[in-house]
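Subject: Handover of a structure and notes on its side-chain contacts

Dear colleague,

Please find below the structure that I am handing over to you. I would be grateful if you could read the notes after it alongside the coordinates.

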Amino acid sequence: MALLIDQQLYAHDGDEERQPDVAQEIGTLRGTEQMMLRMALLLDPADSEARLLLSSMLHARKQDRLAREALDGAPADDPLLAVYRTEQADLDVMMGNREQAARELRDLLQQSPDDRMLWSSLGDALLDQQKWPEALDATSTPRRWCRTGWRAMTGGFCSVRP
């Protein structure tokens, strides 16, 4: 359902040349389209594409609170649940809810301790809170992991510079 909506979202009067990613960048979510995506989620709460599309389009319109809420309500067995929670943490940082973002990111890191993007996001959230030692530790953790774990597993290759 989300794919059908996605194809219809970017039909612009007299502007057939506009690509979907450009339309999304400029935030052309109209009320009807938002309603259609919300209805798609009511019909199928597991529709990951509808959930992500609605959230990203709301964010493009600078409606971050609504974008964050669009990511709520996913089924517990949704394979993209960690992606939704990471997006929510990023939106929390943008909305100034840095402590909530840091808590969410720490929780996610319990499940995926080797995810360098999560460590980087946590470091950013802590820097914004001026928690310098914690931010330094968060941004250094991937480097320590690289020096120990990844080097042993990959025979010396490491994409994070120590």
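The notes that follow concern salt bridges and a surface patch. Please bear in mind throughout that this is a predicted model.

Salt bridges

The structure contains six salt bridges. Several of them are described here individually, together with the setting of their partners.

One of them joins the side chains of Arg65 and Glu69, with an N to O distance of 2.7 Å. Both residues belong to helix H5, which covers residues 64–70. Because they are four residues apart in that helix, about one helical turn separates Arg65 from Glu69. Arg65 has a relative accessibility of 52% and therefore counts as exposed, the cut-off being over 50%. Glu69, at 41%, is partly exposed.

Helix H5 also supplies Arg68, whose side chain forms a salt bridge with that of Asp92, again listed at 2.7 Å from N to O. Asp92 is located in helix H6 (residues 81–94), so this pair ties together parts that lie 24 residues apart in sequence. As for accessibility, Asp92 is buried, with a relative value of 1%. Arg68 is buried as well, at 15%; the class applies because the value is under 20%.

A further salt bridge brings together the side chains of Glu134 and Arg106, with 2.7 Å between N and O. This pair connects distant parts of the chain, since Glu134 sits in helix H9 (residues 132–154) and Arg106 in helix H7 (residues 98–111), 28 residues apart. Glu134 has 36% relative accessibility and counts as partly exposed. Arg106 is likewise partly exposed, with a relative accessible area of 34%.

In addition, Arg85, Glu104 and Asp107 are joined into one network by salt bridges that share partners.

Surface patch

Turning to nonpolar side chains, Met35, Met36 and Met39 make up a patch on the surface. Together these three residues have about 270 Å² of accessible area. Met36 is placed in helix H3, which spans residues 31–43. With a relative accessibility of 31%, Met36 counts as partly exposed. That value matters for the assignment, because a residue needs over 30% relative accessible area to be part of a patch.

For your own inspection, the pairs Arg65 and Glu69, Asp92 and Arg68, and Glu134 and Arg106 can be located by the residue numbers given above.

With kind regards

Key:
Residues numbered from 1 in each chain as written. Predicted model: local features only at pLDDT ≥ 70, side-chain atom pairs only at ≥ 80, totals over all residues. Heavy atoms only, no water. Salt bridge = Lys/Arg side-chain N within 4 Å of Asp/Glu carboxyl O. Helix = DSSP H or I, 4+ residues; strand = E, 2+ residues; numbered from the N terminus. Buried < 20%, exposed > 50% of the residue type's maximum accessible area, 1.4 Å probe, protein only. Patch = residues over 30% accessible without salt bridge, like charges linked within 9 Å, V, L, I, M, F, W, Y side chains within 5 Å. Areas by Shrake-Rupley, 256 points an atom, 1.4 Å probe, with all protein chains shown as cover.
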